[in-house]
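Start with the rings, then turn to one serine. The report below takes them in that order.

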Amino acid sequence: MSHDRTYLHRILPAAAFLAGALLFLRLLFVPLLPFLLALGLSALLEPLVQRLRRLWGVLRSFAAAFLTTALLLLLGAGTVFFALRLGTELSAWSTRLPQAIESFPTLWNNALKRMEGWYTACPPFLRSMLDSLARALGESAPSLVGKAGSFLMEKISSLAAAVPGVGLFAVTTILALYLTAINYNAILSFLKRQLPPAWQP
């Protein structure tokens, strides 16, 4: 009997934790993601905050705000550099595009000649299969094009609709990062108190 009780004492908390984790991932993960990111970034900044406090003798709020601002400026500079680099590459690609378009008919004709030679060399049964496949593709091509167009328009509309949400997500993450970095120890203590006493160490 005591063995069964010990087993239940072990299995029930694990099952409750698993159920809570599944519920969290299903319902709360996306709304809490900005705060989880802020907590993770604050954990990365915490050693630097402590070192800056020892070196400069400043308050924790100043050190946390200073390093958070530096981190955000660094991330912003990286994003701007990536966007500029992407623009440069697209500009260089656009200058080469006319030349590529001019050479496309020649490449296409060469490919057709090779395919025609390969088709001619195929045995009759294989040519018959290829003819059937070509007819099937020709019949379904309009439907495939329509579906592809609808899919692209749907994705473009989804991206356009997601822009305000992305902006709100970024602003929420930035504000949460400032607040979490400044009050990191208090937040960590609060989260620790939510765990069972046996798990806290």
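The count of aromatic pairs in this chain comes to two. One of them joins phenylalanine 62 and phenylalanine 66, and it is stacked. The ring centres sit 6.2 Å apart. The planes meet at 20°, and under 30 degrees counts as stacked. Bear in mind that this is a predicted model.

Why are phenylalanine 62 and phenylalanine 66 separated by about one helical turn? Both belong to helix α2, which covers residues 60–121. They are separated by about one turn because they lie four residues apart in that helix.

The two rings can also be described by their accessibility. The table lists each value.

| Residue | Relative accessible area | Class |
|---|---|---|
| Phenylalanine 62 | 43% | partly exposed |
| Phenylalanine 66 | 40% | partly exposed |

The stacked pair has company. Trp56 joins Phe62 and Phe66 in one aromatic cluster.

Now the serine. Serine 42 lies in helix α1, which spans residues 2–56. Is serine 42 buried or exposed? It is buried, because its relative accessibility is 2% and the cut-off for buried is under 20%.

What does the side chain of serine 42 reach? Its partner is the backbone oxygen of alanine 38, at 2.7 Å. That distance is within 3.5 Å, the limit for a polar contact.

Serine 42 also touches residues further along the sequence. Leaving out residues up to four places away, it touches Leu177, Thr180, Ala181 and Tyr184. So serine 42 is a buried residue, at 2% relative accessibility, with a place in helix α1.

Conventions: Residues are numbered from 1 along each chain as its sequence is written. This is a predicted model: local features need pLDDT of at least 70, side-chain atom pairs count only at pLDDT 80 or more; totals for chains, interfaces and linings use all residues. Side-chain values use heavy atoms; hydrogens and water are left out. Rings of Phe, Tyr and Trp (its six-membered ring) pair if their centres lie within 6.5 Å; planes under 30 degrees apart count as stacked, over 60 as edge-to-face and the rest as tilted. Helices (H or I, at least four residues) and strands (E, at least two) are DSSP runs, numbered from the N terminus. Buried means under 20% relative accessible area, exposed over 50%, partly exposed in between (1.4 Å probe, protein chains only). A polar contact is a pair of N or O atoms within 3.5 Å; within protein, one must be able to donate a hydrogen and the other to accept it, and residues adjacent in sequence count only if both atoms are side-chain atoms. Contact means heavy atoms within 4.5 Å.
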